[in-house]
Structure formats: structure tokens, C-alpha cells
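Have a look at the fold shown here. Let's walk through it one piece at a time.

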Amino acid sequence: MKKNIGATLALYPSPVIVVGAMVDDKPTWTLVAHAGTVAHSHLMVSLVHAHYINKGIRENQKLSVNVVDEYWLKAADRMGTISGNKEDKSGAFAWTMGENGAPLIDDAKVSIECEMDGNYELENFDNFICKILTTYADESVLNDKGKIDYHVFKPVLFEFPTYEYFVTGDKVGNCGKMNG
């Protein structure tokens with residue numbers, strides 16, 4: 001028997017990401033818990049209005065989504081504990097400028113460069129709808145067909161509201177092929 005637990009956000013765990021954008025000609029970074037896929041060509045990144053990085057996303061219309069694995073989780077987690085409004089985070093990571101003008105974290109084995117396609121404001125959040133322009137993947141996580149191999153690349157997952165991190169686990173089936 002299911003119990004009604006109210007209007008609770010229960011689509012977790014989700015991949016841990018660090019978003020990067022340029023603000024006043026310097027990169028800044030923030031840890032993001034609310035993000036996801038919108039269609040096959042877009043992502044949504046949801047940030048409280050007060051985040052420092054939002055200014056750069058609005059002004060430049062460019063951002064990066066850097067997928068976190070265990071290797072750099074500690075540094076990524078720190079980006080959620082300090083405010084860009086109070087501290088310069090430009091030196092937090094070694095970074096490279098993407099082909100489209102968004103800063104990419106060098107330690108991220110997967111980085112997605114995006115262009116803001118819209119902003120749906122809701123309950124003190126900027127919900128940036130982001131068109132995927134380019135995805136960069138370290139060769140160490142690619143299979144022989146040039147696709148990301150999630151048996152090798154293991155993104156960290158974030159669970160809300162417990163604020164715990166997990167690592168992706170074992171394969172349990174093949175989509176669309178489990179009834180045959």
C-alpha cells in the first residue's frame with residue numbers, strides 16, 4: 001500500500017553537475033542539484049535567482065555543464081558551499097574555454113557546452129533552458145564507437161533531501177528489450 005507523502009520532489013538521485021559561466025571576463029562555478037534533460041537537444045538548469053553565476057548566464061547566453069565523478073567530487077562539492085557573490089571562484093579549477101565561449105572544467109571527463117535558449121522563472125528560480133552546442137568527453141570514457149561508456153564513466157549522483165552522494169551502479173537490463 002502506498003502512503004501519500006505530500007507534494008514531495010522525488011525524482012532523485014540525479015547526476016551531480018558543476019555549471020560554469022563567464023562573469024566580468026572571469027569563469028565562475030556553482031554546484032547544481034536541479035538539472036535535467038528537456039527533449040533530445042536541450043537541458044534545463046535550475047538556479048535560485050540570487051546565484052552570482054546567473055548574471056553571466058543571462059549576459060553571455062553561454063554555460064557549461066560539467067558532469068562530476070569521484071575524482072573531483074570534493075572540489076565540486078565546495079562550489080556548493082561558497083558564494084560567488086562573496087568569493088572569487090575563478091581559480092577553483094583548471095579550465096579551458098570551449099569552442100562556443102563557455103568555460104569547461106579540465107578535470108571533468110564529460111562537459112557539455114550550452115547556449116541559453118530561454119529562462120522560465122518560477123518560485124525564485126531561474127530555470128535556464130539550454131541548447132546543447134557541443135559535448136566534450138575524455139577519450140578514457142569513450143567506447144570503440146566514440147560514445148560515452150557508462151561502465152567506465154561513473155557519474156556521481158545526488159539525492160535530495162538527504163544531501164547524500166552515490167556512484168552509478170550495475171546494469172540491470174536493456175531498455176525496450178526486457179519483455180522478449
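What follows is a short tour of the sheet and the helix that lies across it.

This is a predicted model, where local features need pLDDT of at least 70, side-chain atom pairs count only at pLDDT 80 or more, and totals for chains, interfaces and linings use all residues. Residues are numbered from 1 along each chain as its sequence is written, and side-chain values use heavy atoms, leaving out hydrogens and water.

Start with the open sheet: seven strands, in the order 3-2-6-9-10-5-4, with antiparallel pairing. Strands here are DSSP runs (E, at least two residues; helices are H or I, at least four), numbered from the N terminus, and two of them pair if DSSP finds at least two bridges between them. Strand 3 (26-32) and strand 4 (34-38) sit at the edges with a single partner strand each, so one side of each has no neighbour in the sheet. On average, neighbouring strands are turned by 35° against each other, direction ignored.

At one edge, strand 3 runs antiparallel to strand 2 (residues 17-23), joined by seven bridges; there, A21 faces T28 of strand 3.

At the other edge, strand 4 pairs with strand 5 over five antiparallel bridges, with A35 opposite V45. The two make a hairpin with three residues in between, and A39 in the turn has a positive phi of about 65°. Five of the seven residues of strand 5 are buried (under 20% relative accessible area, 1.4 Å probe, protein chains only), so strand 5 is largely enclosed by the rest of the structure. Seven bridges also join strand 5 to the antiparallel strand 10, where S46 has N127 as its bridge partner.

Methods
Axes fitted to C-alpha atoms, helices over the stretch in contact; angles between N-to-C directions. Buried < 20%, exposed > 50% of the residue type's maximum accessible area, 1.4 Å probe, protein only.
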